[in-house]
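This report describes the packing, the charged pairs and one helix of the structure shown below.

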Amino acid sequence: MPTAITSLPLELLSLIYSFLIASDDYDYSAKSFRLVSKRFREVDSLCRPRLRVLRVEFLQTLLSTYPNLRELDLSVCPALQDGTVSLVLAPRPHNLFSRVSYRSSVCSVAASARDELEHSCSRSRSRSRFSGLGFEGKVETTLKVLPRWTRQIEKLILCRTSGLGPVGLEKLLAACEGLQSVDVSYCCFNGDLEAAAIVRGNCGSLREIIMDKSLQLTDIGVAKIAKGCGERLERLSLKWCLQVGDIGVEILSNKCSRMRRLDVSGLKITDESLQSIGSLSKLEELSLVGCPFVSDTGLKFLGDGCPLLKVLDVTRCNNISAAGLGYVIARHENLEQLYASYCLKEFSSFHCHLKGLNKLKAIKVDGSVLSGTILEALGKYCPLLEEIGLSKVKGLTDTGLVQLAYSSIKLKSIDLSCCNFIMDSAICALAVSCCHLAILKLESCCAITKNSLLSLGMHCRSLRELDLTDCMGVDDEGLEYLSKCRGLSCLKLGLCLAISNKGIRSVASNCQEIIEIDLYRCIGVRDEALAALSSGCKKLRTLNLSYCTEVTDIGMKHLSQLKQLSALEIRGLVNITSIGLTAVAAGCSILTELDMKFCENVNDSGFWALALYSRNLQQINFSYCNISDVAICMVMSNLTRIQDAKLVHLNGATLEGLELALQASFVRIKKVKLLSALRFKLSPYILDTLRARGCRMRWD
Amino acid sequence: MKDLKIDTEDNLHAEAWAKSTARNKLPKHVPPDHPSQYGNFSLPRNQQNWVDPSVPDHTLRPQEPYEGFNQPSENQSNHPHNPSSVQDIGLQMNDIIEINKILDWDPRTMLSNLSFLKQKIHQLQDLVDLIVGRRSPTMGRPDELVTQQQQLITADLTSIIVQLISTAGSLLPSVKNSLSAAGPSIPAEQLGQLGGVILNTSSSVNAAALPLSSDGGTKVIADQPNPVDPTSHLVIEHLDEHESKDEEDVEDGENLPPGSYEILQLEKEEILAPHTHFCTICGKGFKRDANLRMHMRGHGDEYKTPAALAKPHKDTGSEPVLIKRYSCPYVGCKRNKDHKKFQPLKTILCVKNHYKRTHCDKRYTCSRCNTKKFSVIADLKTHEKHCGKDKWLCSCGTTFSRKDKLFGHITLFQGHTPAIPLDEAKGQAGPSTQGETNEESHKLGNMNFGFASDGEVQDLMEDVKGMVDEPSGYYSPLTFDSSNFGGFNEFPRPSFDDPEGAFSFLIPGSCNYTRKSGGESTSTNNLS
């Protein structure tokens, strides 16, 4: 029966859809949307801008379903290899893995609707495939009719796709004509060949390249990128590309004069590099985290250059001083974010430099020694300050914080982790004056008592995230006060030994927006607390119950009410058995992460239940569990999304069982942790195959 | 000061130094212990100027009695390493060379030369005068303020000395010339006097003055109560190094006026003879130095002394009669004395290498690549060291032995990119990284020295000073420096040699640089 909403024109539906998927959680919203009707599904198919593919066997089908993708995320797609690329780029879908065959019907039904939508969806970008622009040397690519989805792709995320070689990379990039951004980070074996492939595959529109932790990348590769992308390159991230040195950065700065964001964190670059970076007149964001050879001399170049600098990160640059940093910030009045954690020993005279920084929004000085004057100056000169990080700062006093609190009324996020001497008065001042406070981190602030929580509950209505890990002073009464913060979405109460069921109950009944709660080693928490959580916090997605040893199967049964639960950590819960695990597996259908290390009393029937019900599991930790050969094989072969498995010290499983289980999960596993003794016992065939498919192996 | 004035041409230099420093009235205020200080602080500069810059100056510096001076010396001594300041010196040298070229060698030249120097010094003199005026009432009081002022003067003087050294360096040949003209018997006394003058007037410039008296001066200085041996050694080393640069293409910084030297032209056969030791008087070559020394006896009695016959102590006591320059026997060569723009060769070794390289067949072929040919064996050996390591390849097919050369090439040419060798298998960090990292660490060493030296950084320091409104902060140019950078000199010994280690310590979360603490400890050493 058609209702008003189903009969809306496609344009309006697509507009609704675009609002719907703007959230972080777009996968879930999109799924609900497309399940409404065929028409809705068509809208989803045509308008979906982002796709994150979890299983390689559906890649081809998915790509042909969503022809107007702007962003394709293959970072969690296991076993992606060069062959896969040529397969998905094949002119017509071969449906090699086909389990789904509704595609053709959908195509024919909505062909007209699609044409109608094409106009609204496709931008003014040139769609002439055969214009030959930039394709002189790539005859075979141009002659082939490429699948539709390649036309619109702007961003490719290929993180951790270790199986993808330079050939596949080049093909993939060459197919995506309008590609602007490519992310190939954390493929540790990526190097110059991959960089060259990116440059060769680049159709001329590439602006962003992210190559974090490409350990084999050298200056040669950087030079390739610099020469190949030249002026067009606006963002490059070379974080932890340890072999890149000054000379690479120099040619980069020479050739890519329009660079806006540059990340050279962790490189062994010296001041010479900063001299060349200083010549980048368009640079807005520079990250120099952990560059031990950068000194004040280099910062001086930075101070004299880069007129548009807005974000500067010099965290853990051990060789710079407050004066050097002061020189930079004194010359960059537009600076909005400054991260200088763990790099400065002292901040004497630093406050003078803060004078011009009236646009500063975020500052982090974790691990430094501060005086009250700095905080005062921050409050005085930086009225727009929204985020401040003061974790592990020495010399922080209540009075200083109070002054800061009274002048920085726009503060949204403050990190006071491990500031052991912070008292209630400082927190009260923060709560009273910073009414927009959303994120407050108070880990290991031992002097905090319920008074702080009282004032937080009274004043900070917009508090979203609160970290009270290891705060001895937090008790049930405090939690009751805190529960007035209705918007709380993330609450960390790890190691708060004084809290019990009562406190959790009050939080659970009042804060219904909670998405994440951490109860690590809260030994006072029992089954009743879980009952309250499962009835109150229906949106709970992440729950940590590790070492809450009093929790039993009854609590687990309560948890099974949480339909949104996706990450569950139940380490060391010796009182739960297969019954509890079965309940969770059956109830929490979208559970993706499960850590049950040291759950020694769960036996095979529990794992069978996991294998049967928890089809969405992606990460598992079965270390020190009693699991038999059959059960491990069942789990690893049945769970078709498993990508990360920690299988150390499996009591009851033999080598053969483990080999079989690994073999069964060849296609999907991306990361596995095994006992190091097995390194030489496992058959080389298994190890080689895993490696060839881009699986990372960790040995414990 | 005036009573020390000596009329001889040679000592005009000395007088100039004496004058300039007398005007500064520095020696009066220098406490008796300070000469060694100055010696010390000028030491690292020389060292850094002329000795391999990668040598950390800590290792060679003698024990300093006054830490207060250690810092300025460190700071200032770094100065010449800034490329720009080196250029400055180069410029000044060129200026002086110009003057030398234009005017003939006579006392008036010298005077105009000195007045030129005076101008150079003038601004600094004003400053020193000012401080001297301010300081006089507090004389004799070992006040903290006095020390600070002295530090300031030291800093200023250091910059003067940079200029003076360069001047002295440029004047050197003429001094030699006149010295040698005076004959071998005179200088012992005269030089002693000269050295004495220099040392008495201003010990702070003895380092600068040393080049004037290359031989005798050292002796005299060695007798001084505050020996500054390291300095003199270094200066002399520098001279040696300069002379022994056997390349004819090393720029002739001298431009001797024609006629001021003797031109020798060895015959082709003599040049190609496998001799390595040559008589500085007649040019005859020998295979062994001992034979040469035997031969030298024939040139006069002075060569018969045990000292002269003993192992070479680099022409001690006696010296050539005239400055000798050499001409290439190949007619039409620019190095031939009949050429219009004749450029003489400095040493016999230069002649040999020049002749072989330019006018002989390239007989030695590299056994590895079989393409490169050389006529001088040393060149072949140098090449063989790097042969086959031309791993830096451009897309145009050109190979380079050094990465920076390749990068210079690709920066220059449109469309050229570095090529990746095909055999570079995926997933292995080739051995190439070794050399690279070494190169890197060398660079770091250089960086280190170029460090607080920047004139620009000093600007920065001044800025900082301006912001700290304390007198102590104002007077010491180093508050900025010593506290933060002191440890940096120890820094450039990175353990990056093995790439694996580098990886492991940069994995996020395990970033535990212990280097920082090392730097700290050294800085405290410097301070305490």
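A nonpolar core is here a set of buried Ala, Val, Leu, Ile, Met, Phe, Trp, Tyr and Cys residues joined through side-chain atoms within 4.5 Å. The model to which this term is applied is predicted.

**Nonpolar cores**

The largest nonpolar core holds 214 residues, and the members that touch the most others are A:Ile277, A:Leu390, A:Leu466, A:Leu519, A:Met596 and A:Phe622. Apart from this core there is a second, separate one of 12 residues, with B:Leu266, B:Cys328, B:Cys333 and B:Leu345 among them.

The surroundings of A:Ile277 can be listed in detail. When neighbours within four places in sequence are left aside, A:Ile277 is in contact with A:Val249, A:Ser253, A:Leu262, A:Val264, A:Leu283, A:Leu286, A:Leu302 and A:Cys306.

**Chain A as a whole**

Chain A contains 30 helices and 24 strands. Of its 700 residues, 58% are buried. Considering contacts in chain A between residues at least 6 apart in sequence, 74% join residues at least 24 apart. The accessible surface of chain A amounts to about 26600 Å², and carbon and sulfur atoms account for 53% of that surface.

**Salt bridges**

Over all chains, the count of salt bridges comes to 22. Three pairs in chain A are tabulated with the distance between their closest N and O atoms.

| Basic residue | Acidic residue | Closest N and O atoms |
|---|---|---|
| A:Arg260 | A:Glu284 | 3.6 Å |
| A:Lys450 | A:Glu477 | 3.1 Å |
| A:Arg526 | A:Glu550 | 3.6 Å |

A:Glu284 forms a salt bridge with A:Arg260. This pair links distant parts of the chain, 24 residues apart: A:Glu284 is in the loop between α14 (271-277) and β8 (285-287) of chain A, and A:Arg260 is in the loop between α13 (246-255) and β7 (261-263) of chain A. Buried residues have under 20% relative accessible area and exposed ones over 50%. A:Glu284, at 23%, is therefore partly exposed, and A:Arg260, at 34%, is partly exposed as well.

A:Lys450 forms a salt bridge with A:Glu477. Here the linked parts of the chain are 27 residues apart, with A:Lys450 in helix α21 (residues 450-459) of chain A and A:Glu477 in helix α22 (residues 476-482) of chain A. The relative accessibility of A:Lys450 is 29%, so this residue counts as partly exposed. A:Glu477 is also partly exposed, with a relative accessible area of 33%.

A:Arg526 forms a salt bridge with A:Glu550. Because A:Arg526 lies in the loop between β17 (516-518) and α24 (527-536) of chain A, and A:Glu550 in the loop between β18 (542-544) and α25 (553-559) of chain A, the pair ties together parts that are 24 residues apart in sequence. A:Arg526 is partly exposed at 39% relative accessibility, and A:Glu550 is partly exposed at 33%. Elsewhere, salt bridges that share partners join A:Arg34, A:Asp44 and A:Arg48 into one network.

**Helix α16 of chain B**

Helix α16 (residues 348-359) of chain B has 12 residues, so at 1.5 Å a residue its expected span is 16 Å. The end C-alpha atoms are 16 Å apart, which agrees with that expectation. Within α16(B), the buried residues are B:Ile348, B:Cys350, B:Val351, B:Lys352, B:Asn353, B:His354, B:Tyr355 and B:His359. The elements that cover these buried residues include α13 (268-272), β2 (277-278) and β4 (324-327) of chain B.

Terms used: Residues numbered from 1 in each chain as written. Chains lettered and ligands numbered in written order. Predicted model: local features only at pLDDT ≥ 70, side-chain atom pairs only at ≥ 80, totals over all residues. Heavy atoms only, no water. Buried < 20%, exposed > 50% of the residue type's maximum accessible area, 1.4 Å probe, protein only. Contact = heavy atoms within 4.5 Å. Salt bridge = Lys/Arg side-chain N within 4 Å of Asp/Glu carboxyl O. Helix = DSSP H or I, 4+ residues; strand = E, 2+ residues; numbered from the N terminus. Expected span 1.5 Å × (residues − 1). Areas by Shrake-Rupley, 256 points an atom, 1.4 Å probe, with all protein chains shown as cover.
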